Amino acid sequence: MRKILSIFIIISLFAACNTAQVKNNTQQKKNIILVIADGTGPNLMAYLMKYARLAPNSPYKDKKSNLEKMFDTGKNGIMFNYTDKTIVTDSAASATQFATGAKSNPYAVGIDANGKKVNSILYHAKQKGLATGVLTDVYVLDATPAAFYAHRINRKMRDGIIEDMTVTPPDVVLGGGLNYFVSKTDLKNPKYQEILKNVPYLNQVKGQAKQDENLSKVINSGYNLAFTKQEMENLKDGKILGLFAPVFFPPYPKEDWQGPS
């Protein structure tokens with residue numbers, strides 16, 4: 001499991017105008033947003049709360065973090081994410097269990113403990129006519145985001161995960177990971193050189209895909225590509241695949257990195 005303390009993925013299920021709305025008393029809810037802080041448990045949350053209260057330069061004027069305020073005003077529950085055969089989980093299995101409600105095993109994304117494909121809440125949302133999106137600050141093929149749209153026995157099967165993205169595609173996919181969408185052969189291909197000519201971080205792209213033409217697959221499935229914030233904002237219609245880093249976003253600013261901000 002990653003040692004990065006908090007990697008966030010947002011699975012957004014945007015309700016279309018003519019779809020049924022989720023009701024809470026008399027108030028209708030338009031969107032459902034699931035935020036996952038990868039690798040974060042109660043101990044880290046407790047450290048945040050202590051930091052808010054005790055740090056000499058705490059940014060929280062009332063000594064309460066936004067997380068604690070959410071706990072105070074919302075409804076809380078505990079979910080155990082151990083797998084079918086192990087006590088300790090990994091991101092793939094725990095994300096699969098969050099996304100599908102089915103027990104899974106380490107390394108698997110969208111696959112249950114019996115090796116069968118299981119559909120996620122993202123799939124069921126699309127079946128109801130809802131628009132869907134996946135946003136992450138790691139690469140979009142990583143285990144946590146992939147569990148919501150892919151079905152692979154091993155989280156490292158990135159070329160297969162790309163294929164799954166084209167079968168039940170989220171409407172919006174934003175994050176990093178261009179390295180895994182292009183091969184070394186693609187980088188020498190004039191067609192791909194034209195596609196990638198405006199990538200601001202192209203000198204960092206190594207071409208780590210095992211298969212050629214992955215980008216062509218996602219383009220042919222209806223995705224529009226964006227490599228900068230401006231390109232993303234210029235896209236008005238259709239599905240969007242935004243790849244803003246070679247792999248994942250750096251944890252601190254780098255002079256040679258130009259992302260979507």
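**View 1. A salt-bridge network joins Arg152, Glu163, Asp164 and Lys217.** These four residues are linked by salt bridges in this predicted model. Asp164 belongs to the buried set of helix α6. By the rule applied here, the salt bridges come to twelve. Further examples appear in Views 4 and 5.

**View 2. Helix α6 is mostly covered.** The helix spans residues 158-167. Seven of its ten residues are buried. They are Arg158, Asp159, Gly160, Ile161, Ile162, Asp164 and Met165. What do the buried residues of α6 pack against? Their helical partners are α5 (143-146) and α9 (214-220). Their strand partners are β5 (131-139), β6 (172-176), β7 (223-226) and β8 (239-243).

**View 3. Helices α1 and α2 cross at roughly 110°.** Helix α1 covers residues 42-54, and helix α2 covers residues 66-73. Their axes come within 9 Å. Angles of 65 to 115 degrees count as roughly perpendicular, so α1 and α2 are classed that way. Met45, Leu48, Met49 and Arg53 make the contact from α1. Leu67, Glu68 and Phe71 make it from α2. By class, five of the contact residues are nonpolar and two are charged, with no polar residue.

**View 4. Arg53 and Glu68 form a salt bridge between α1 and α2.** The N to O distance is 2.7 Å. Arg53 sits in helix α1 and Glu68 in helix α2, 15 residues apart. Both residues also take part in the helix contact of View 3. Are the two partners buried or exposed? Arg53 has 38% relative accessibility, so Arg53 counts as partly exposed. Glu68 has 10%, so Glu68 counts as buried. The cut-off for buried is under 20% relative accessible area.

**View 5. Two further salt bridges each involve a loop residue.** The side chains of Asp171 and Lys126 meet at 3.6 Å, N to O. Asp171 lies in the loop between α6 and β6, and Lys126 in helix α4 (residues 121-127), so this pair ties together parts that are 45 residues apart in sequence. Asp171 is partly exposed, with a relative accessible area of 22%. Lys126 is partly exposed too, at 26%.

The second pair is Lys191 and Glu213, at 2.8 Å, N to O. Lys191 lies in helix α8 (residues 190-195) and Glu213 in the loop between α8 and α9, so the bridge ties together parts that are 22 residues apart in sequence. Lys191 counts as partly exposed at 41% relative accessibility. Glu213, at 28%, also counts as partly exposed.

Definitions and conventions:
Residues are numbered from 1 along each chain as its sequence is written. This is a predicted model: local features need pLDDT of at least 70, side-chain atom pairs count only at pLDDT 80 or more; totals for chains, interfaces and linings use all residues. Side-chain values use heavy atoms; hydrogens and water are left out. Axes are lines fitted to C-alpha atoms, for helices over the stretch in contact, and angles run from 0 to 180 degrees between N-to-C directions. Helices (H or I, at least four residues) and strands (E, at least two) are DSSP runs, numbered from the N terminus. Angles under 35 degrees count as roughly parallel, over 145 as roughly antiparallel, 65 to 115 as roughly perpendicular and the rest as oblique. Contact means heavy atoms within 4.5 Å. Ala, Val, Leu, Ile, Met, Phe, Trp, Tyr, Cys and Pro count as nonpolar, Asp, Glu, Lys and Arg as charged, and the others, Gly among them, as polar. Buried means under 20% relative accessible area, exposed over 50%, partly exposed in between (1.4 Å probe, protein chains only).
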